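User: Please take a close look at one part of this model, the first helix and the sheet it packs against, and follow the connections outward from there. A single connected account would be preferred.

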Amino acid sequence: SNMPARKFPLNASCNFAPVTELYYSAMEHLAKILFKGLAMALKLDDASWFLEKGRFDDGHQCALRILNYPELEYKTDASTVQIRAGAHTDYGAFTILKSGGPGLQLQLSKDKEWIDVPHLEDSFIINLGDLMQRWTNDKWTSTLHRVVATDNNADNDRAGDGGQKLFKSARRQSIAFFVNMNGNAIVMPLETCVDETHPSKYIPIKASEHLIQRHNQSMMAKHKKKE
């Protein structure tokens, strides 16, 4: 799959690596189940279409990230939303997120309203990615999301100096499994998502080239914001 070797923190407990490996394998299995559900929803002839050899097999380029948003204390205006991860979409097919607390928001409508995602124990959040949007010819769109700070203290209503609010944000731990295809898998709009009314919007592209393209676009956008 041309992915780099897995590296674990040198100061981690002896159980960290094997437990993380087990979690990764469980997410691989869950991704295959979800792919079958997506294939059926898209009315593909074969429920295992996404799982065909060379498309999503042992050569996939999935990535696992363990994200920690530490508890913070600061003064802020009551109306100010504190961003902990800026608005973005994920690049791959979809993402399986295990969230450790509230703070995730989605933007699903054209009015650009941010919706809080309720935190449910023992559950996963599935975000569609840019690659799936491309595959479905924009029939399904990737999920624009962000992470904001949430209250962690009853004293947050207490005003600080200058009328500002003393805010203590809750710590948030999450695990994101980014579902990426085999690098050489060809991605182009599916036949079930193309017709005379909805002509193909995208040219064929390798999955790995798509990831690089989206990464470069993201870096360019960040650079422009700094200017």
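Analyst: The account below begins with the helix, passes to the sheet and ends with neighbouring strands, loops and the pocket.

This is a predicted model, in which local features need pLDDT of at least 70 and side-chain atom pairs count only at pLDDT 80 or more, while totals for chains, interfaces and linings use all residues. Residues are numbered from 1 along each chain as its sequence is written, and side-chain values use heavy atoms, with hydrogens and water left out.

Helices (H or I, at least four residues) and strands (E, at least two) are DSSP runs, numbered from the N terminus. Helix H1 covers residues 16-41, 26 residues in total. From its first C-alpha to its last, H1 reaches 37 Å, close to the 38 Å expected at 1.5 Å a residue; the expected span is 1.5 Å times one less than the number of residues. After H1 comes Lys-43, with a positive phi near 60 degrees.

The buried residues of H1 are Thr-20, Tyr-24, Met-27, Ala-31, Phe-35, Leu-38 and Ala-39. Here buried means under 20% relative accessible area, exposed means over 50%, and partly exposed lies in between (1.4 Å probe, protein chains only). Their cover includes strand E1 (63-69), strand E4 (94-99), helix H2 (130-135) and strand E10 (172-179).

Ala-31, a residue of H1, counts as buried because its relative accessibility is 0%. Leaving aside neighbours within four places in sequence, Ala-31 is in contact with Phe-56, Phe-94, Ile-96 and Val-179, where contact means heavy atoms within 4.5 Å. One of these partners, Ile-96, is 65 residues from Ala-31 in sequence, yet the two C-alpha atoms are 7.9 Å apart in space.

The sheet itself can now be described. Strands of a sheet pair through backbone hydrogen bonds, either parallel or antiparallel. Four strands form an open sheet in the order E1-E10-E4-E7, with antiparallel pairing. Its edge strands are E1 and strand E7 (125-128), each of which pairs on one side only. On average, neighbouring strands of this sheet are turned by 20 degrees against each other, direction ignored. Two strands are taken to pair if DSSP finds at least two bridges between them. Four bridges join E4 and E7 in the antiparallel sense, and Ile-96 has Ile-126 of E7 as its bridge partner. Ile-96 thus has a part in both settings: Ala-31 is in contact with Ile-96, and Ile-126 is the bridge partner of Ile-96.

H1 lies across E1, E4, E7 and E10, and runs at about 130 degrees to E4. For such values, axes are lines fitted to C-alpha atoms, for helices over the stretch in contact, and angles run from 0 to 180 degrees between N-to-C directions.

Beyond H2, two residues have unusual backbone settings to examine. Asn-137, in the loop between H2 and E8, has a positive phi of about 60 degrees although it is not a glycine; at 4% relative accessibility, Asn-137 counts as buried. In the loop between H2 and E8 lies also Asp-138, whose phi is positive at about 70 degrees, again without being a glycine. Asp-138 counts as partly exposed, because its relative accessibility is 24%.

The strand E8 leads on to strand E5 (residues 104-107), since E5 and E8 pair in the antiparallel sense over four bridges. In this pairing, Leu-104 stands opposite Val-147 in E8. E5 is covered on both faces, with Leu-104 and Leu-106 buried on one side and Gln-105 and Gln-107 buried on the other. Three bridges join E5 to strand E6 (residues 114-116) in an antiparallel arrangement, in which Gln-107 stands opposite Trp-114. E5 and E6 form a hairpin with six residues between them, and Lys-112 in the turn has a positive phi of about 65 degrees.

Val-147 is also in contact with Gln-82, which is placed in the loop between strand E2 (72-76) and E3. The other contacts of Gln-82, leaving aside neighbours within four places in sequence, are Tyr-74, Thr-76, Val-148 and Ala-149. Gln-82 and Ala-149 are 67 residues apart along the chain, with their C-alpha atoms separated by 5.5 Å.

The last topic is the largest pocket, which holds about 1100 Å³ of space. Of the 38 residues that line the largest pocket, the closest to its centre are Arg-65, His-88, Thr-89, Asp-90 and Tyr-91. Elements that give two or more residues to this lining are E1, strand E3 (83-88), E4, strand E8 (144-148), E10 and helix H3 (207-226). H3 provides the largest share of the lining, eleven residues. On a 1 Å grid over the protein atoms alone, a pocket is an open set of points where a 1.4 Å probe fits, with protein on both sides within 12 Å along at least five of seven lines, and lining residues have an atom within 4 Å of a point. Grid points are joined across faces, edges and corners, and a volume is the space filled by probe spheres set on the points.
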